[in-house]
Amino acid sequence: MSISYWNSANNKKKIETDFLVIGGGIAGLSSAYWLEKKYPTSKITLIERYKIGSGASGRNAGFVTCGSSEHFAKLVKDFGAEKAVEIWKFSEQNRELVKSEIIKGNVDKVLFANTGSCTVAASDADFARYIALADTMSKLGIDVELINEAKITSDYAVKGFKGGIEYIHDGVVHPILLLKELRSLLKNTEVIEDQEICKMESESNVVCETQHLLIQSQKGLVTLNGYLGLLWPNWEKVVRPQRGQVIVTEPLPKRVKGPCYLTKHLCYFRQMPTGELLIGGFRNLDLDNENTYNDQVSDKIQNALFDFTKNFFDFTSQAKIRNQWSGIMGFTPDGQMIIGEAPQFKNVHMMAGCSGHGMGLSFHAAKVLVESLDNAAAIPSHLSINRYLAML
Ligand SMILES: Cc1cc2nc3c(=O)[nH]c(=O)nc-3n(C[C@H](O)[C@H](O)[C@H](O)COP(=O)(O)OP(=O)(O)OC[C@H]3O[C@@H](n4cnc5c(N)ncnc54)[C@H](O)[C@@H]3O)c2cc1C
């Protein structure tokens, strides 16, 4: 959104703050949380253009996972085994931080459950590959178990899959309740909703404008993820918006033990504690149209989700769909996040690009972001912003 001459800075309410966090998703709230811990007497202001959780953080599937086992295979291919383990462990640490800092044993408050997760093989050839993959993961110290076709049917209620890999430490959460709980832990942060940052300048201080506010801050933390390109269009090459779509059924008998990935269709599902089945994915069927900032749903993807729901489970043929929605994710070319100081501004730091895994990454990534404000070396090389500076 642009700002008119008539709505100039002189007419606006002025705010002075020590840290300005832009974006009210899991990344923005987590950044405010770690800022409060590190700078307990500082003033922190968080600006969200709609309401907290309006973006992907309030629209996801609630998997708090390290990703699918197939994702681990890709990490090994792209980064080598040692780095793949480091990347996997980063998510493990995220889950443990979420448990120790936010949930603190009150699992009912956020509907957290330590269910484990499963990646299922659609063919004999895939399962043969998974057998070798499970062996590699075990040897690298990751707690996985192979499960056979019968166990997939009994624990996940899907038909026609040949086997799978279970990773026992993952979990699920109610994303909005988690955001609510995290927000309730903030003591020094003023959260301002319904204000969109439209303009940013920085010489020594960071100066930002919404339609009604002029905010001056010593440092800015930009946590817009998939929406980054709306504020800084040249960053769209580095953080590409990608829509993810989901459906949820009416409550059904409880049959699905925990989150499950079918990576062939970038498809995933879980069952809620109250029985509703959530199915998401299939964006690979229409990648060009899913490369958007528009969070509507499309017939093509919704029909694929609907067909999957009807045909791949053994208890859903009559199930009615109750909810359909989408959200915008942010993808970098190598699939890893970026954390660091924005090159075009002084004192502006950012994190973005958590792909389909922000619930499994962002709380830990925000800790790294805050640590990096006075120590850039805190950022692991695979997350460093430096790897994309040449693209801007
Ligand atoms: C359908 C779907 C399913 C998913 N499932 C999972 C899952 O199960 N597990 C998992 O780990 N991840 C999942 N993800 C990904 C995860 O939701 C995201 O990675 C994560 O929520 C990103 O958090 P964020 O805070 O960085 O971004 P967002 O939650 O998108 O927050 C950015 C915020 O910035 C605000 N904003 C934008 N522009 C401005 C501006 N100019 N000024 C002020 N505010 C602005 C937006 O309104 C938004 O609230 C899923 C995503 C989708 C879409």
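## Ligand shell

In this predicted model, 41 residues surround the ligand. A residue counts as near when its C-beta atom, placed from the backbone, lies within 6 Å of the molecule. The closest are Gly-25, Gly-55, Asn-60, Gly-327 and Gly-358. Four elements give two or more residues to the shell: α1 (26–38), α8 (228–231), β12 (240–251) and β16 (321–331). Helices (H or I, at least four residues) and strands (E, at least two) are DSSP runs, numbered from the N terminus. α1 gives the most, with three residues.

The shell divides into 17 nonpolar, 20 polar and four charged residues. Here Ala, Val, Leu, Ile, Met, Phe, Trp, Tyr, Cys and Pro count as nonpolar, Asp, Glu, Lys and Arg as charged, and the others, Gly among them, as polar.

## Domains

The chain is assigned domain 1 (14–59 + 176–236 + 334–391), domain 2 (63–172) and domain 3 (240–331). The bounds come from an automatic or database assignment. Domain 1 and domain 3 both give residues to the ligand shell, so the ligand lies between them.

## Domain 1 against domain 2

The centres of domain 1 and domain 2, taken over C-alpha atoms, are 29 Å apart. Their contact takes 15 residues from domain 1 and 21 residues from domain 2. Contact means C-beta atoms, placed from the backbone, within 7 Å.

On the domain 1 side, α7 (175–184) and α11 (362–371) each supply at least two residues. α7 gives the most, with four. This side divides into eight nonpolar, four polar and three charged residues.

## Basis

Residues are numbered from 1 along each chain as its sequence is written. Local features need pLDDT of at least 70, side-chain atom pairs count only at pLDDT 80 or more, and totals for chains, interfaces and linings use all residues.

How values were computed: Contact = placed C-beta atoms within 7 Å.
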